[in-house]
Structure formats: C-alpha cells, structure tokens
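Trainee: Could we go through this model together, setting each value against its definition?

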Amino acid sequence: FRGGGKERSRFLRGLLAACPHSPDVVSAKGLAHHDHLVQRWRRREMSNFEYLMHLNTLAGRTFNDLSQYPVFPWVLADW
C-alpha cells in the first residue's frame, strides 16, 4: 500500500465489513506481525524457507491435514 499504515488499516476495515464472519480474514494484529516478518526477511534476518513457513502458518496451512498442506513454490535460481 502506497499510503502506508493508514491506507492499509482503512482497507482492512472495509474488508472486515464486507465479510465479517469469514475465518480466513487476517486480523489487524496478524497484519502487524506480517509486516514485521516482511521487514526481517528483507533484511535477510530469516531464510526464504522460514519466511514461507510463517506465511503458510498465517494462512492456516498445516502438515496435519493433506488438504491444507503448506505451499512452497518452485524458485528458478539460474535461468
């Protein structure tokens, strides 16, 4: 979001108002935690694997349910 935190918060409020009963909507606390994760990843304080594991956890994915197994995209390193 180009407008920073205020624009993001306004968007989140609109999203929550549109679907208040959806369990898949990330809370404001979850978004703040995600911002922290993004900053740590961008500063190379965590590996790509760790970052993807956090994203999968935030998305509700788990190793305990094959239909919700974590997603790890293929990354082309040398193309």
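Mentor: Among the elements of the protein chain, helix α3 (residues 48–58) has the highest mean pLDDT, 86, and helix α1 (residues 5–18) the lowest, 73, where pLDDT is the predictor's confidence in each residue, from 0 to 100, and helices are DSSP runs of H or I with at least four residues, numbered from the N terminus. This is a predicted model, in which local features need pLDDT of at least 70 and side-chain atom pairs count only at pLDDT 80 or more, while totals for chains, interfaces and linings use all residues. Residues are numbered from 1 along each chain as its sequence is written, and side-chain values use heavy atoms, leaving out hydrogens and water.

Trainee: What makes Trp41 and Tyr51 a stacked aromatic pair?

Mentor: Rings of Phe, Tyr and Trp (its six-membered ring) pair if their centres lie within 6.5 Å, and planes under 30 degrees apart count as stacked, over 60 as edge-to-face and the rest as tilted. The rings of Trp41 and Tyr51 are 4.7 Å apart centre to centre with 10 degrees between the planes, so the pair is stacked. Because Trp41 lies in helix α2 (residues 28–42) and Tyr51 in helix α3, the pair ties together parts that are ten residues apart in sequence.

Trainee: Why is Tyr51 called buried, and Trp41 partly exposed?

Mentor: Buried means under 20% relative accessible area, exposed over 50%, and partly exposed in between (1.4 Å probe, protein chains only). Tyr51, at 11%, is therefore buried, whereas Trp41, at 33%, is partly exposed.

Key
Helix = DSSP H or I, 4+ residues; strand = E, 2+ residues; numbered from the N terminus.
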